[in-house]
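Me: Hi! I have a protein model to look at for class, and I'd like to talk it through. Could you help me find my way around?

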Amino acid sequence: MFKKILIANRGEIACRVMRTAVKHGVKTVAVYSEADRNAMHVAMADESVCIGPASVSESYLRGEVIIEAALATGAEAIHPGYGFLSENPEFVEKVEQAGLRFIGPGASAIRAMGLKDAAKKLMHEAGVPVVPGYHGENQDGEFLAQQAEEIGYPVLIKARAGGGGKGMRLVEQPNDFSNALASAQREALASFGDAVCLIEKYITSPRHIEIQVFGDDHGNVVHLFERDCSLQRRHQKVIEEAPAPGMTEEMRQAMGKAAVEAALAIDYSGAGTVEFIVDGSDGLKPDQFWFMEMNTRLQVEHPVTEAIAGCDLVEWQLRIASGERLPCTQQELEIDGWSMEARIYAEDVGKGFLPATGTLHHLEFPDYARVDTGVRQGDVISPFYDPMIAKVIVHGATRDAALRLMRQALRDTHAAGTVTNTNFLGDLFDHQDFADGDFDTGLIDRSIDQLTESTQVPESMIAIAAIEAAGINRQNNHTFTAFTLWQPLGHTVRLIDQYGAEVSVLLEGESSEQWRVTLNETVHRLEKQGAGRVRFDEATIDASCVTHRAGVSVFSDRAWHFTVLDPLDSSGAEAGGGDLIIAPMPGQIKIVNVKPGDSVVSGDALIVMEAMKMEHTLTAPRDGEVNELLVSLNDQVEDGSILLRLKVEE
Ligand code: ADP
């Protein structure tokens, strides 16, 4: 085993690799960009090296700088994680030339699978079933149209250098072919610098089922069963599970055998995934799966395999890269239970899944699920990298048990401060076709309207948020359980819900546990029934609630976020400890009333921000002198950013 390794990645995968390294006494070196100076993966590592500015091309993609960092810190090997340099054969060669070990396959194996057309040809020759199609060099439009005729419509045009669904076009009928080809080629050239496309039969009702393989340097290859990754949006995986619903032992054997043959054909060493497309229109049949591509690295969704196979794939990677043999034979591998993974993203589902940024003011995960994350409460989701917050992985005895656990785990995943997709994921797990195991890669697209429509904010949730918000006004309480200090006074709280609507709530305490709540001219009764449970009119509701810098969040079956209107004027002063004016939420600077050197008196309006279409005045927390102004008119600011500094008093 190695003594020290460098992890050429960031975020959850860097942290996940380090967890295994620590377990085996392997020292770790992190690399980081300037934007990641305070990131979790840096904090977890034994040593760390800054490799450049935030942009990935100037940091995480700079192979030579990373190799220098490995040499300077005495690391023996480099783990690439996924993405970035993980499938770059030139990088692998440079790592080896520097006398270091790349934790992954050799450059030639990566190259063999790098282009979809060459990979398909190779697989066809190795006897692995490949989707019928044309994978040759001839790119003449008429010739390709002729090929499409022969394959039979519908067909799929794919960029051979493609990834992430780019340069891919479905063509249903011959008339559309030439336009679709031209646009796929343009996109392929722009995205990958290579316009060459292949044509293949479009499988209707396709399922994406992939096989995890592992090889060592001694000629052994095993497979660790399948993962079903059919739940995709725009060809990107959203939910993964293992095993695949409806899988038969005969089909599993056939797919496993094909995947092992694929790996053997390229002398594969390390972790890899052979992706197959399966025609699921009439159940799973051993002659209805075809090779799509091989990913020559650890996959995002590897934890579901670890759960059902009971092994640590990163440990296997480390052992194999240090020359050991595979830790077990095919016969020793068995499937135990069922596992599912959901990818939690900072993204705005209602706005077309737009990546979101912001500070994770509150972040809490259930302790009964495996959570792979690279961020902590208080960390910022920056615009520079993939906005994944975490992967939540559950393991149950049956598919039903895993599904129930996942549903609960999503309810108990509490993230606030940035928009997330947890409600969307919850709805997806609630989808009847998913529960029935009756789905294909089109499920999300077919149900997208239903899955993304905004849900009416329940009055119970507004009432809970208002009571919590009233707590902020009074004594800066942090949990719903601290409400017993409530006074029997009428109090109006104004909230803005996550869709931007403002509501006004009148609260009247009847006892320390009971309130009359008036909203939209209707009176409700709310009674606290112990931690995490309330009675609202006739319903008993499980909900927990937190106050954070961006407002109040209530977590029940879904997550609900509210901005509190009243206390903003003082929040800057409180948060900054007297010397700082801090943006209480993301927004734009509308008015700046002072300049450095100005004297101010406590309560003076210093800066006016606009956020959520409302203006907020930030006032001087004390008398003093403006030392530094850190923003200008019309600047966009993140919540938590320092806007102004007062001169520190002697
Ligand atoms: P990329 O490398 O761009 O991700 P893939 O070849 O891996 O492209 O395909 C991505 C997804 O596109 C698959 O998971 C599947 O959902 C769909 N897909 C690919 N090939 C076909 C096909 N021949 N028929 C139907 N769907 C396909």
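Below, we go through the model one topic at a time.

Me: Before we start, what kind of model is this?

Reply: This is a predicted model, so please keep that in mind as we go.

Me: Okay, ligand first. How many residues surround the ligand, and which are the closest?

Reply: There are 21 residues around the ligand, and the closest are Lys116, Gly165, Lys201, Ile203 and His208.

Me: What classes of residue make up that shell?

Reply: The shell around the ligand is a mix: seven residues are nonpolar, eight are polar and six are charged.

Me: And which strands supply at least two residues of the shell?

Reply: Five names to look for here: strand S7 (155-159), strand S9 (197-201), strand S10 (206-215), strand S13 (270-279) and strand S14 (289-295). Each of them supplies at least two residues of the shell around the ligand.

Me: What lies 2.9 Å from a nitrogen atom of the ligand?

Reply: That is a backbone N or O atom of isoleucine 203. Side chains come in on the oxygen side: an N or O atom in the side chain of glutamine 232 is 2.9 Å from an oxygen atom of the ligand. The side chain of glutamate 293 also has an N or O atom 2.9 Å from a ligand oxygen.

Me: How much of the ligand's accessible area does the protein cover?

Reply: On its own the ligand has 550 Å² of accessible area, and the protein covers 95% of that.

Me: New topic: glutamate 226. Where does it lie?

Reply: You'll find glutamate 226 in strand S11, which runs over residues 221-233.

Me: Is glutamate 226 buried or exposed?

Reply: Glutamate 226 counts as buried because its relative accessible area is 0%.

Me: Which side chain does glutamate 226 make a polar contact with?

Reply: The partner is the side chain of arginine 252, at 2.8 Å. The glutamate 226 side chain also reaches a piece of backbone, the nitrogen of alanine 244, at 2.9 Å.

Me: What else does glutamate 226 touch?

Reply: Leaving out residues up to four places away in sequence, glutamate 226 touches several others, including Ile209, Glu210, Ile211 and Met247. Pro243 is also one of the residues that glutamate 226 touches.

Me: Pro243 rings a bell. What is the peptide bond from alanine 242 to proline 243 like?

Reply: That peptide bond is cis, with omega near -5°. Proline 243 sits in the loop between strand S12 (236-242) and H9. Another cis peptide bond runs from tyrosine 153 to proline 154, with omega near -5°. Proline 154 is in a loop too, between helix H7 (141-151) and S7.

Me: Back to S11. What's notable about phi of phenylalanine 225?

Reply: Phi of phenylalanine 225 is near 70°, a positive value in a residue other than glycine. Phenylalanine 225 is in strand S11, and with a relative accessible area of 8% it is buried. Arginine 234 also has a positive phi, near 50°, but it lies in the loop between S11 and S12.

Me: Why does arginine 234 count as exposed?

Reply: Arginine 234 counts as exposed because its relative accessibility is 60%, and the cut-off for exposed is over 50%.

Me: Let's go inside. How many residues has the largest nonpolar core?

Reply: The largest nonpolar core has 38 residues, and those with the most contacts inside it are Ile5, Phe214, Leu224 and Trp316. Elements that give two or more residues to this core include strand S1 (4-7), helix H1 (11-23), S11 and helix H11 (313-321). H11 gives the most, with six residues.

Me: What is isoleucine 5 in contact with?

Reply: Not counting neighbours within four places in sequence, isoleucine 5 is in contact with residues including Val17, Ala21, Ile103 and Leu318. Apart from this core lies another one, of 36 residues, with Trp338, Ala356, Phe439 and Ile444 among them.

Me: Last one: why is helix H13 described as largely enclosed?

Reply: Helix H13 covers residues 422-430, and seven of its nine residues are buried, so the rest of the structure largely encloses it. Among the buried residues in H13 are Phe424, Leu425, Leu428 and Phe429.

Key. Residues are numbered from 1 along each chain as its sequence is written. This is a predicted model: local features need pLDDT of at least 70, side-chain atom pairs count only at pLDDT 80 or more; totals for chains, interfaces and linings use all residues. Side-chain values use heavy atoms; hydrogens and water are left out. Helices (H or I, at least four residues) and strands (E, at least two) are DSSP runs, numbered from the N terminus. Buried means under 20% relative accessible area, exposed over 50%, partly exposed in between (1.4 Å probe, protein chains only). A polar contact is a pair of N or O atoms within 3.5 Å; within protein, one must be able to donate a hydrogen and the other to accept it, and residues adjacent in sequence count only if both atoms are side-chain atoms. Contact means heavy atoms within 4.5 Å. A nonpolar core is a set of buried Ala, Val, Leu, Ile, Met, Phe, Trp, Tyr and Cys residues joined through side-chain atoms within 4.5 Å. A residue is near a molecule or strand if one of its heavy atoms lies within 4 Å of it. Accessible areas come from the Shrake-Rupley method with a 1.4 Å probe; for residues, only the protein chains shown count as cover. Ala, Val, Leu, Ile, Met, Phe, Trp, Tyr, Cys and Pro count as nonpolar, Asp, Glu, Lys and Arg as charged, and the others, Gly among them, as polar.
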